[in-house]
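Hi there,

Here is the structure I promised to pass on. Please have a look at it first, and then read my notes below.

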Amino acid sequence: NTHTHTRTQTIKPNRTNALFKKMVFRRLVIICSSAAAAALATMEARQSTPSLMSRNPLYQVSEDERPNSVVVVGGGLVGVTTAYYLARAGFQVQVLEKRKNVCDTTTVGDAGALRLVSSETFARPSSVFAALRSLLGLPALRDVPGEEENDYVNFDRACLRDSQFASWAWTFVKKSFSSGRAERDLAMRRLIYASHGLFLSLIEEEKMAVPVTQGSLEIYRNHQSLMTALENARVRSIEHKIPFEVLQPDELYAAHPYLRNSSLPTEALSGAIYYPKDVSVDSTLFVKEMERICREKYNVQFHYNTTMKNVVVEEDRVVGVQTHQKHCCRPEFENADGSASARLFTADAYVFCVGAQASSEEMPPSLSLPVYPVKSYSMTAPTLASALKYKPTSLLLDNERRVYYTPLSESLRASSVAEFSPHPEPTQEIVSSLYQVASKTLPLAAQWEKSQMWRGVRPVSADGLPIVSRTPLQNAFLNAGHGSGAFRTALGSGYAISSILSGSGHTTRGVPLAPLHMERF
C-alpha cells in the first residue's frame with residue numbers, strides 16, 4: 001500500500017505556529033465567504049418564494065390520476081425499497097436493474113447505519129470550508145480544538161476541470177449560505193425519523209431474517225470535541241427526544257471491554273457518547289431480503305441485466321423505457337446468439353431511482369437533476385470466533401479518525417470518507433489510509449490483511465436532500481440524489497413515493513414533500 005499518514009495527530013508545542021496559521025486561514029475564509037453569503041442572500045431575496053415548508057401545493061396525484069402499474073428504474077437500495085412500498089400500496093410493479101442482482105455495486109459495502117443524530121444536510125458553510133481546503137490541498141483543521149468541520153468528505157482536484165462539477169458546486173454554495181438551511185435540516189430530520197420507524201416496523205412485520213445491531217458509540221480523543229458533541233446531544237435530547245449516555249474513560253472500558261484490546265489506551269480517550277436508539281445492519285443482506293419479500297409476497301417482477309437506453313416521451317408523458325437485455329431470464333427477449341435484445345417496458349407511471357451511471361443521453365432534459373457522483377469507501381474483514389471479545393458490539397464511530405465500524409455476523413466493516421471525483425476509480429491514498437487506521441485502531445478485531453475493499457458511487461443533490469418528486473412529465477417521478485447516506489433515508493423516501501402515487505390524502509408519515517421537490521433547484 002502507498003504510504004500515507006493519518007490527518008489527526010497529537011498537538012505538540014512545536015506545532016503552535018502551524019496551528020495558528022491554520023486558524024488565521026480559516027478566519028480569512030470566513031471573512032471572504034461572509035461577503036459571498038451576503039451577495040447570495042441578496043440574490044435569493046430578489047427571487048424569493050414562500051417557504052416550502054409552509055406551502056401546500058398538490059404534490060400528490062389526484063384520485064383520477066392514480067396509476068395501476070409502475071415501472072421502477074434502478075434495483076439498488078432506493079429502487080428496491082421504493083418497489084416494496086409501491087407493491088404494498090397495491091400497485092403492479094416491475095423493477096429494471098442493469099446488473100445481474102440487486103445491490104450488486106453501490107450497496108455492497110455500505111455501512112448500513114441508521115442514526116437519528118445524523119440529521120444535518122450536507123450543504124452548509126462548514127462543508128464549503130472543507131471543500132476549499134480539500135481542493136486547494138490544504139490540511140484539515142480537526143486537530144485544532146473546537147474547530148469541528150465536515151471532514152467526512154474529500155474533493156478531488158480533478159473536479160476543478162469538470163464542467164458538471166462547476167454547475168453543481170455553484171448551486172451547492174448558494175444552498176450552503178441560503179436562509180433555507182433550517183428547513184432543509186428539518187426535512188432531513190423528518191425523513192430519517194420516518195426511515196427509522198419504518199425500519200423497525202419492517203423487521204417485525206415481515207419477520208426479516210436480518211441481524212440488527214442496536215446502538216451507536218461515538219468515541220472522542222479531544223476533550224473540546226467531546227464537549228461540543230455533548231452540547232449538541234443535549235439539545236437533541238430536549239428538542240427531538242433522542243436519548244444518549246455519556247461515558248467517562250473508565251466507564252467506557254467497563255461497558256465496552258473490547259476497547260481494552262484496541263490501540264486506544266485509557267489516557268488517549270476523553271470519553272464517549274452512546275445513542276441507544278441507533279441501529280445498523282448488513283446492508284447487502286437487508287436489500288436481498290427486501291427483494292425476496294417483494295417477489296414472493298407482493299409479486300414484484302425484477303428484470304436483471306436490463307439497461308435503460310432512453311426514455312420515450314410523447315408530449316408531456318412517458319410512454320415507455322427502451323432497454324437492451326442480455327442473458328435475460330425470459331428467452332423470448334434474447335437473440336439466438338445470446339446477444340442483447342431491445343425491449344420497451346410500459347406502465348401507467350415510472351419512478352426513476354437511477355444512480356450516478358445514468359447519463360444525459362438516457363434521461364430526457366425535463367428529468368435532468370443537479371446531482372454529482374460521490375464515492376464512498378469501506379473495507380470488510382473476516383472475524384474469527386476466537387476473536388469475538390475484540391469485536392465492537394455496536395456501531396462504533398471513531399470521531400477524530402472519521403471511520404465507522406459496523407459489526408456484521410462474521411466480519412467487521414470499516415467505512416471512511418466520501419469523495420467527490422469525476423473519475424470512478426478508487427483513490428489509492430484513501431484506500432491505504434483506511435486500511436492503516438482500521439488495522440491500527442482495532443488490530444485484533446478482524447483479519448484486516450484479508451479484507452475486501454469496496455468503492456461505491458452514488459449521486460448527491462446540490463443541497464444534500466434527496467429528490468423525491470413529481471416531474472414536468474405527468475407520469476414520471478424521481479427518487480434520487482441520496483448520496484452516501486442513502487441507507488438513512490431510503491425507506492422514508494420510498495414510502496413518500498408510494499404516498500405521492502397513491503393520491504392526495506394519503507399519509508407520508510410526517511415526511512414533508514415540498515422541500516424534497518425538484519422545483520427547489
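Thr81 is buried, with a relative accessible area of just 1%. Before you read too much into any single value, please keep in mind that this is a predicted model. Thr81 belongs to helix 2, which covers residues 77–88. Which residues does Thr81 touch, leaving aside those up to four places away in sequence? They are Met290, Ala490, Leu491 and Gly494.

Next, the aromatic residues. A search of the whole structure turned up 16 aromatic pairs. One of them is Tyr84 with Tyr85: the ring centres are 4.9 Å apart and the planes stand at 80 degrees, so this pair is edge-to-face. The cut-off behind that label is an angle of over 60 degrees between the planes. Are these two tyrosines buried or exposed? Tyr84 has 0% relative accessibility and therefore counts as buried, and Tyr85 is buried too, with a relative accessible area of 5%.

Another pair you may like to pull up on screen is Trp168 with Tyr372. This one is tilted, with 6.1 Å from centre to centre and 40 degrees between the planes. It links distant parts of the chain, as Trp168 sits in helix 4 (residues 163–176) and Tyr372 in strand 13 (residues 371–382), 204 residues apart. Trp168 has a relative accessibility of 2%, so it counts as buried. Tyr372 is buried as well, at a relative accessible area of 1%.

Trp168 and Tyr372 are also members of one aromatic cluster, together with Phe122, Phe155, Phe165, Phe172 and Phe420.

There is a charged residue over a ring to look at, too. Arg509 lies over the face of Tyr495, and its distance from the ring centre is 5.8 Å.

Finally, a hairpin. Strand 9 (residues 306–314) pairs with strand 10 (residues 317–325) in the antiparallel sense, and the pairing runs over 8 bridges. Glu314 stands opposite Arg317 of strand 10. How many residues lie between the strands of this hairpin? There are 2, and Glu315 in the hairpin takes a positive phi near 55 degrees.

If you would like to follow the notes on screen, you could begin with Thr81 in helix 2, go on to the tilted pair of Trp168 and Tyr372, and end at the hairpin of strand 9 and strand 10.

Happy viewing, and do write back with any questions.

Best wishes

How values were computed: Residues are numbered from 1 along each chain as its sequence is written. This is a predicted model: local features need pLDDT of at least 70, side-chain atom pairs count only at pLDDT 80 or more; totals for chains, interfaces and linings use all residues. Side-chain values use heavy atoms; hydrogens and water are left out. Rings of Phe, Tyr and Trp (its six-membered ring) pair if their centres lie within 6.5 Å; planes under 30 degrees apart count as stacked, over 60 as edge-to-face and the rest as tilted. Buried means under 20% relative accessible area, exposed over 50%, partly exposed in between (1.4 Å probe, protein chains only). Helices (H or I, at least four residues) and strands (E, at least two) are DSSP runs, numbered from the N terminus. A charge sits over a ring if NZ of Lys or CZ of Arg is within 6 Å of the ring centre and within 35 degrees of the ring normal. Contact means heavy atoms within 4.5 Å. Two strands pair if DSSP finds at least two bridges between them.
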